Each structure stands twice: as C-alpha cells, then as structure tokens.
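This briefing introduces a single protein chain to a reader who has not met it before. Please keep the sequence and the structure in view while reading the points below.

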Amino acid sequence: MSEREPYDSRFTLPDVDAWPETEVGVILLGLEPDRLVAGLGFASLADDPALVTQAVDQARHGVFAAGQAGLAEAGLARWRTLRPLLAAVPGRPAAGALRQEWANSADLVAVAVPGVGPAALAYLTACWIRRDEIDRLADRKEPDVLPEVAPG
C-alpha cells in the first residue's frame, strides 16, 4: 500500500450489484484461445435442443466422443460464420475497464446474433473481445499461447 492510498488497490472485488454474467466473462477471458473456441463449439450444441438431445442420447449409449479438437473445430466453424455479423454492428469505443468492455461487447453480440443462448453469448463475447487471437486460430496461424503439456 502506498501512503497516498488508504486501501490496497492491487485487488478489488466487483460491486455487489455487478451482473454475475460479467464475472463469468472475466473468468472466460483468462482461457486460452483453443479452449474459448471449444466452449463456443459446445455452446452451439447447448443452444440447440435437438443437438443437445442427440448428444445426451449418444452419451447414454457410451458413444459421445466429442474431444476438445472436435469441439474447437465446431467453434471455429461457428466463429467463421458469425464473425462478419459481429463486425457489421457498430460498437462503442474500447472501454478502459474490463467489466465495462465485457458489458459493451455482450450488447454488441446480442444485437448481432439475436436470440443467442446464454452460453453462446458468453463465449461469443469472450471471442469477440479476443478476436485477434481467435482470428489467428481460425486462419490456422497459431496464437501466441503455450501448448498444453501432455502428461507422461
């Protein structure tokens, strides 16, 4: 703490009236790009009741074998489809505060993709905020992240 600040400003909790979705978004923004697009891929299942029913039926019979690579491919396909819609919506200037940036970007996603479910809204918002990394991944240019280390 400095002598000028009466509190420790290194860590502050969100406002008590902050939207829980925003706090989930802050957590999502910490994921690696491949995990974000895999989440977007799974969210595409979760947003479509027929696809969820199919996945549950496959899981029931022990054949649901969606690995991270498959989910990431589904997410990248969805990103490539929705990216132009997101870019077409005029956005607000970048906010200096992460939580404000999340709120602004979530509004943009909701306008660009009306009726999107809550999971897809969250993952699309995170992907939009980190669109440079996601675009590099979608273009098959590896993002600047460390690969996961396989055990053993």
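In this predicted model, Glu133 and Arg130 are joined by a salt bridge between their side chains, with an N to O distance of 2.7 Å. Arg130 has a relative accessibility of 14% and therefore counts as buried, the limit for that class being under 20%. The search of the whole structure returns five salt bridges, and two others are described below, after an outline of the fold.

**Overall architecture**

- The chain contains seven helices and zero strands.
- Along the sequence, the pattern reads α-α-α-α-α-α-α.
- The chain has 152 residues, of which 33% count as buried.
- Among contacts in the chain with a separation of 6 or more, 69% are between residues 24 or more positions apart.

**The nonpolar core**

- In soluble globular proteins, nonpolar side chains tend to be buried together.
- In this model, the largest nonpolar core is made up of 32 residues.
- The residues with the most contacts inside this core are Leu28, Leu36, Trp79, Leu86 and Leu124.
- Two or more core residues come from each of helix 2 (33–46), helix 4 (68–88), helix 5 (98–112), helix 6 (118–129) and helix 7 (131–138).
- Helix 6 supplies the largest share of the core, with seven residues.
- Trp79 has contacts beyond residues up to four places away in sequence, and among its partners are Leu40, Leu86, Leu124, Cys127 and Trp128.
- Trp79 also touches Arg131, Ile134, Asp135 and Ala138.

**Helix 4 against helix 6**

- The axes of helix 4 and helix 6 lie 11 Å apart and form an angle of about 70°.
- The two helices, helix 4 and helix 6, are therefore roughly perpendicular to each other, a class that covers angles of 65 to 115 degrees.
- On the helix 4 side, the residues that meet helix 6 are Arg78, Trp79, Leu82, Arg83, Leu86 and Ala87.
- Their counterparts in helix 6 are Ala120, Leu124, Cys127 and Trp128.
- Sorted by class, this contact of helix 4 with helix 6 holds eight nonpolar, no polar and two charged residues.

**Helix 2 against helix 7**

- Helix 2 packs with helix 7 at an angle of about 80°, and their axes are 10 Å apart.
- Helix 2 is therefore roughly perpendicular to helix 7.
- Pro33, Asp34, Leu36 and Val37 are the residues of helix 2 that meet Glu133, Ile134 and Leu137 of helix 7.
- This contact of helix 2 with helix 7 comprises five nonpolar, no polar and two charged residues.
- Glu133 of helix 7 thus appears in this contact as well as in the salt bridge with Arg130.

**Two further salt bridges**

- Asp135 and Arg83 form a salt bridge through their side chains, at 2.8 Å from N to O.
- This pair links distant parts of the chain, since Asp135 belongs to helix 7 and Arg83 to helix 4, with their positions 52 residues apart.
- Asp135 counts as buried because its relative accessibility is 19%, where buried means under 20%.
- Arg83 has a relative accessible area of 21% and so is partly exposed.
- Arg35 and Glu32 also form a salt bridge, their closest N and O atoms being 3.5 Å apart.
- Arg35 is partly exposed, at 37% relative accessibility.

**Glu32 and the loop after helix 1**

- Glu32 is located in the loop between helix 1 (20–28) and helix 2.
- With a relative accessible area of 27%, Glu32 is partly exposed.
- Although Glu32 and Glu133 are 101 residues apart in sequence, their C-alpha atoms are 9.3 Å apart in space.

**Ala112 in helix 5**

- Ala112 belongs to helix 5.
- Ala112 is buried, its relative accessible area being 11%.
- When neighbours within four places in sequence are left aside, Ala112 is in contact with Leu85, Leu86 and Val89.
- One of these partners, Leu86, is also among the residues with the most contacts inside the largest nonpolar core.
- Ala112 and Leu82 are separated by 30 residues in sequence and by 8.4 Å in space, from C-alpha to C-alpha.

Methods: Residues numbered from 1 in each chain as written. Heavy atoms only, no water. Core = buried A, V, L, I, M, F, W, Y, C linked by side-chain atoms within 4.5 Å. Buried < 20%, exposed > 50% of the residue type's maximum accessible area, 1.4 Å probe, protein only. Helix = DSSP H or I, 4+ residues; strand = E, 2+ residues; numbered from the N terminus. Contact = heavy atoms within 4.5 Å. Salt bridge = Lys/Arg side-chain N within 4 Å of Asp/Glu carboxyl O. Axes fitted to C-alpha atoms, helices over the stretch in contact; angles between N-to-C directions. Parallel < 35°, antiparallel > 145°, perpendicular 65-115°, else oblique. Nonpolar A, V, L, I, M, F, W, Y, C, P; charged D, E, K, R; others polar.
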